[in-house]
Amino acid sequence: MIPYDFEYYNPSSVEEAVQLFQTLHHDGKEPMYFSGGTEIITFGRLNMVRAGAVIDIKNIPECRALEFNQESLFIGAANALTTIEERNPFPLLSQTVSEIADRTARNKITVGGNICGTIFYREAVLPFLLTDSLVLVAGHRGLRSVPINEIFQEQLLLESGELLVQMVTNRAYLEQPFVSIKRRRQWDTGYPLITVAALKVGQEIRVAISGLTDFPFRAKQIEGALNRRDLSDEQRIELALHSLDVLILNDTEGSSQYRLFVLKNTLHDVLHELGG
Amino acid sequence: MNIIGKSVIRKEAFDKVTGRAKYTADELSGPSLHARIVTSPYGHARILSIDDSLAREITGVRAIIVGSHEFPLTGEEIRDRPPLAVDKVRYYGEPVALVVADRYEIAKKAAELIEVKYELLPVINSPTEALKEDAPILHPNLMSYEKIGTAYPVAHSNISNVTKIRKGNIENGWSQSEVSVEATYGFSPSSHSAMETRAATAEIKPDGYVHITTSSQAPFMVKRLMGIYFGIDIGKIIVETPLVGGAYGGKAPIQWEVLAYLASRAVGGKRVKIVYTREEDLTTAPCHVGLEALVKIGCTMEGVITAAEMVYWFDGGAYSDKAIDVSRAGGVDCIGPYNIDNVWCDSLCVYTNHPYGTPFRGFGHSEVLFAFERTMNMLAKKIGMDPLEFRKRNSILPGHTTPTQVVLNKNTVGYLPPCIDRLKDLLDWDQGEITEVDDRRIRVKGIACSWKTSTIDTDASSGVIITFNSDGSMNLMSGVVEIGTGTKTILAQILAERMKMDVEQIHVKMDVHTQTTPEHWKTVASRGVFMAGRAVLEAAEDVIRQIKDVAACVLRTSTEDLEVAFGRVFLKDEPEVGLMLKDVVYGYKFPNGNSIGGQIVGYGNYILRRMTYLDPETGAGQPGPEWTVAAHGVEVEYDKRDFTYKLVRAATVVDIGVVLNHKAALGQVMGAMSMGLAFAGRETFVFDELGRVMNPQLRTYRPIHYGENPRYLVDFVINPVENAPYGSRGVGEHGLLGMPAALANALSIAAGVELNELPLTPELIWRTKGAEL
C-alpha cells in the first residue's frame with residue numbers, strides 16, 4: 001500500500017503534461033511523470049519514492065509513437081517493453097529489454113521509465129548509447145533534441161519538469177550486427193551481474209555495459225582496446241579490463257572480482273559473435 | 001470403488017482458480033483496526049530509547065506498544081523470546097514496537113515516525129562465531145528460562161539444545177574402517193517465501209473470549225500456547241484458520257498471533273488485523289535455519305560403512321523456538337537411509353544474530369542430508385565405487401536399526417533398493433555420469449538418497465467428525481489445515497472409498513474453527529493423511545455401525561447381515577432388500593409416523609502409538625511412526641568456462657506405500673523438488689557485518705521461477721504400509737530432501753572441485769576453483 005495520497009493527472013498532449021508539471025510544482029505538489037508506474041508503486045510503498053501528484057504520460061500520442069521516417073526510428077518513451085519486443089523495430093533493443101524483469105513486469109515497464117528510473121541498471125538505454133541516438137525532451141521552453149551521449153551521464157540529466165518524449169535512432173544503425181548478453185547471479189531471473197550490449201558499426205565494435213558499476217555507460221574507455229586488430233582476443237580483453245576506470249559493484253548479486261571474471265568472458269563472447 | 005489412486009480434483013480448486021478463495025487477510029467479518037510493526041534495523045543492538053511522541057500525535061492512532069518485562073516470554077521449547085524486543089534487539093527485522101490505528105496507512109505512517117535509538121553490539125553471524133570463547137552470550141539468562149518442551153541447553157554458552165546420538169561403538173567403527181572421508185559444510189538461513197504472507201486478526205470480546213483468525217499450520221497450538229503465555233482459559237480461546245496460501249513449515253510457529261493479541265488488548269479488545277509485508281514475512285517471521293556441519297564416514301574397501309561421526313551446528317538464529325526441534329530431527333536422522341552399526345552425532349542448536357529458525361519443508365533433513373550425502377559421494381569416489389551401488393549396498397532395510405536404535409520392519413521403513421533401481425532407469429544411469437555436449441558444455445548427473453521420519457509430539461492426535469445431509473451425502477470435519485497440499489480432498493477420497501460413495505457426495509469443511517472442528521495436532525510433518533486418514537476410517541466405522549443399528553431394526557435382521565455402500569444399507573445376500581441412506585441418517589420414519597434413530601454423527605480419532613522421548617545421553621527412542629525413503633537425481637548442463645549451469649532433469653523416486661491421488665502426489669513431489677533446487681541453487685539471506693539482511697525483498701531474494709525449472713521425473717515404488725490408511729506413506733516433503741545434495745554432487749563432478757556450501761551459484765564454483773580472473 002502506498003502510504004500517502006497523491007493526485008492523478010492524465011494529459012493528452014506533451015504541452016499539457018509539461019504545463020501541469022509546472023503548475024503542480026509551483027503548488028508544492030512534488031509531481032512526477034508516470035509511465036509504467038512500477039517503480040512509483042513498489043518504491044512508493046516503501047516511502048523510497050514520494051510524489052504529491054503523478055502525471056500519466058501514456059495517453060500522449062508522441063509518447064506512444066513507434067514509427068519510422070526516411071531516416072529515423074522514433075520510439076515514444078511510454079511504450080511498454082513487451083510492445084518493443086513484439087513489434088521489434090530495433091532488434092538490439094528488443095533483445096536487451098526482453099531480459100529485463102519478467103514478462104508481467106515488462107507489460108508495464110516502459111522504455112522511458114526504465115531509462116529514467118531509480119533502479120540503476122537502466123538496461124534499455126544501452127542500445128541508444130550505442131547508436132548515438134537523439135532524445136527528444138519537452139520542457140516549459142518547448143521541445144529540444146539532444147544527443148543521448150551528452151545528456152545521459154550515469155543518468156538522464158533532465159531539468160526539473162522536463163519530460164522524456166521519444167528516442168530517435170538513425171535507421172542505418174538498425175541493420176548493423178549486434179549482440180546483447182545478460183549474465184545474472186544465477187539462472188534466468190534477476191538483476192544483471194553484467195549486461196553487455198555491443199554493436200558493430202563498419203569495422204568498429206561499440207560496447208555499452210550495465211551492472212558493472214552503479215550506472216550504465218557507453219564503454220568508450222575499453223572500445224579502443226577491443227578494436228585493436230593487431231592483438232589477439234585475449235590481449236584485447238586484458239587491455240580492455242585494464243582500461244576500465246569505474247568503481248566495480250560488490251553486492252548481493254556478486255563480488256567485484258567475480259564481476260570482472262564475468263565481464264571478461266562476456267567480452268570474449270562479444271568478440272566471438274561480432275568478429276575482430 | 002476405485003477412488004483411491006484417482007486424480008480427484010481438489011475440492012477447493014474452483015475457488016482458487018477463479019480467485020474467490022479467501023485467506024486470513026481477506027476476512028471481512030466486520031470492522032477492524034490495523035497494526036503495523038516497527039522492526040529492528042540491526043542484527044544486535046541495545047535499545048537506548050524509543051520516542052513515539054510524533055507518532056502519538058497522528059489522528060487515528062489508537063495505541064503504541066513497546067516491549068516490556070510485563071509481557072510473557074514466548075517459545076515452544078524454551079521461553080526465551082519477548083514478543084516485542086526488550087532492552088536489546090537480537091536480529092534484523094525483530095519487532096520493536098507495534099502501532100494500532102484506525103486504518104493501515106495511519107498505522108504505517110505513525111510507525112515511520114517512531115524514533116528508536118540503538119547502540120550497536122557485536123554481531124554473531126554464524127554458529128562458528130557463536131561458539132568462540134570470546135563470543136557475546138546472546139541469552140545470559142538461558143538456564144533460568146522456563147521450558148515448556150524438551151531442551152538441553154548448555155550454561156554460559158550460545159547453545160540452546162544438544163541432541164546426542166550414540167549407536168554402537170564409534171571406536172570399533174573406526175578400527176574396522178579402511179577408508180574414510182571428512183569434510184565440513186555450511187549454508188546461511190533462507191526463507192519459505194510462501195505466496196501468502198503471515199497474517200492474523202485478534203479480538204477480545206467483552207465476555208473474555210479471545211477470537212483469533214490466523215494463517216497458521218497449527219491453530220490448535222495457537223490456542224494452547226496463547227493460554228500458556230497469557231493465562232487465558234483455553235476454552236475461551238477460539239482460533240479460526242481459513243485456507244492457507246503456502247506454509248512449508250513457516251506457519252507452524254506462533255508469532256503474528258501474539259502481536260495481534262497484544263494489539264487488541266491495548267485497544268480494549270477491539271478487533272485488530274496484522275498482515276505482514278513481504279519484507280516482514282522474509283525477515284521478521286521465523287525463517288529456514290542455517291547449518292554448519294562436520295561429517296566423517298568410514299567404510300571397508302568393499303564399501304561397507306562401519307562408522308559415521310557428525311557434528312551439526314544449526315543456526316537457530318536469535319531465539320530457539322522451533323529450531324530446537326529441527327536440530328533434534330537432524331540428529332534423529334543424522335545419517336542417510338543406511339544401515340550403519342556405529343554412529344556418533346552431536347546435533348546442536350546455536351543462537352546467532354539471525355532471524356530465528358523454524359521448520360522448513362523436510363524438517364532438518366535436506367539440511368543434514370546435504371552434508372551427509374556429499375560425504376557419501378566423496379567416499380564412493382575414494383573407493384572407486386559407483387555412488388548408487390555404494391548406497392544400495394548400505395541401504396537400511398527391515399530388521400536393521402536406526403541411529404536412535406529403533407528396530408525397523410517392513411511397515412516402518414520403505415524399500416530403498418527398488419527406488420535406486422528405478423532412479424537409474426529414469427536418469428539413464430548406465431549411460432554414465434558425464435556426457436559431452438560440445439567443447440565447453442557437459443551434462444552431468446548427481447544423485448542422493450534420503451529418508452525421513454516425522455519427529456512429532458509423542459501424544460499428537462487427530463480427530464474427525466462426520467455428519468450427514470438429508471440427501472444422504474456426508475460432511476467431513478477435520479482439524480487438518482488446507483495449506484495447499486490437497487489433504488482434505490484426499491481425506492474425502494478415503495471416506496468415499498470406505499463408504500463406497502461418490503467422492504462428490506463428500507463435503508469437506510475447508511476452514512478450521514477450534515470450537516467446532518476436532519483437533520488435528522498440527523498440519524506439519526507429512527502426517528495429515530496418515531493421522532487424519534486413520535481418524536476418518538474410524539469415524540466411517542462409527543457411522544456404519546449406527547446406520548446398521550437403525551437398518552437392522554427396520555429390516556428385521558441382524559447388523560452382521562448388512563452392508564453399507566452406494567448410498568444404501570442393504571442385505572449382503574439380498575441387495576435389493578435395503579434402505580436409502582437418506583432415509584436412515586436423520587432417523588427412520590415408519591409409515592405411521594413413529595421414528596427411530598435420529599441424526600447420525602460419527603467420530604474417529606487417531607493417536608500415534610508407542611512414541612517415546614529420546615534418551616538425553618544416547619538418543620535412543622522411538623521418534624516417529626515410520627520412515628519414508630527416496631532416491632533423487634539431478635542432471636545439469638554445465639559450462640566449463642563460465643561455471644554456469646542449467647537444470648536439465650531432476651528425478652525423485654519415493655516408496656510411497658500406496659498412491660492415494662496420483663496427480664496430487666506428483667504435485668507434492670515436484671513442488672518439493674522445486675523448492676529444494678531453489679534452496680540449493682539460489683535462495684539464501686545475505687548478511688552484512690551488522691547482521692542486516694541485504695536482500696530482504698523478492699527483487700533480490702529470488703525463489704525459482706517458471707522456466708528455470710528442470711524437467712521433473714517422478715515415480716513411486718509401491719509397498720503398502722499395514723497400519724496406514726489404504727497403505728500410504730507421507731509424501732509432502734520428501735521430494736525436497738535429496739535435491740541440495742544431488743545438485744551439489746552433480747556440480748562437484750562437473751566442476752572437479754568439492755562444493756560444500758549452499759547456494760550453489762556460479763560465483764561459489766568460481767571461488768572454489770580458485771577465483772582466477
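What follows is a chat between a visitor and a guide about how some labels in this two-chain model were earned.

Visitor: What kind of model is this?

Guide: It's a predicted model, in which local features need pLDDT of at least 70 and side-chain atom pairs count only at pLDDT 80 or more, while totals for chains, interfaces and linings use all residues. Residues are numbered from 1 along each chain as its sequence is written, and chains are lettered from A and ligands numbered from 1 in the order in which they are written.

Visitor: Why is A:Arg236 called buried?

Guide: A residue is buried if 20 or more other C-beta atoms, placed from the backbone, lie within 10 Å of its own, exposed if 12 or fewer, and partly exposed in between. A:Arg236 has 23 other C-beta atoms within 10 Å, so it counts as buried. A:Arg236 sits in helix 12 of chain A; helices (H or I, at least four residues) and strands (E, at least two) are DSSP runs, numbered from the N terminus.

Visitor: What does A:Arg236 touch, leaving aside residues up to four places away in sequence?

Guide: A:Ala225, A:Leu226, A:Arg228, A:Leu231 and A:Leu271. Contact here means that the C-beta atoms, placed from the backbone, lie within 7 Å.

Visitor: And what makes A:Glu30 exposed?

Guide: A:Glu30 has 12 C-beta neighbours inside 10 Å, so it falls under the "12 or fewer" rule. A:Glu30 belongs to the loop between helix 1 (14-26) and strand 2 (31-34) of chain A, and its phi is positive, about 45 degrees, although it is not a glycine.

Visitor: Why is B:Arg556 called exposed?

Guide: B:Arg556 has 6 other C-beta atoms within 10 Å, so the exposed label applies. B:Arg556 is in the loop between helix 14 (528-555) and strand 24 (562-565) of chain B, again a non-glycine with a positive phi, about 50 degrees.

Visitor: How do you know that the span of helix 13 of chain A agrees with what a helix should give?

Guide: The expected span is 1.5 Å times one less than the number of residues. For the 19 residues of helix 13 (residues 256-274) of chain A that gives 27 Å, and the end C-alpha atoms are 26 Å apart, so the two agree. Right after helix 13 of chain A comes A:Gly275, with a positive phi near 70 degrees.

Visitor: What makes strand 11 of chain A "largely enclosed"?

Guide: Seven of its seven residues are buried, so the rest of the structure largely encloses strand 11 of chain A. Both faces are covered: A:Phe178, A:Ser180, A:Lys182 and A:Arg184 on one side, A:Val179, A:Ile181 and A:Arg183 on the other.

Visitor: How do you know that strand 11 and strand 12 of chain A pair?

Guide: Two strands pair if DSSP finds at least two bridges between them. Strand 11 and strand 12 of chain A have seven bridges and run antiparallel, so they qualify. One bridge partner of A:Ser180 in strand 12 of chain A is A:Ala197.

Visitor: Which strands make up the open sheet, and in what order?

Guide: Four strands of chain A in the order 11-12-13-14, with antiparallel pairing. Strand 11 and strand 14 (217-218) of chain A are the edges, because each has a single partner strand. Strand 13 and strand 14 of chain A pair over two bridges, which meets the "at least two" rule.

How values were computed: Two residues are in contact if their C-beta atoms, placed from the backbone, lie within 7 Å.
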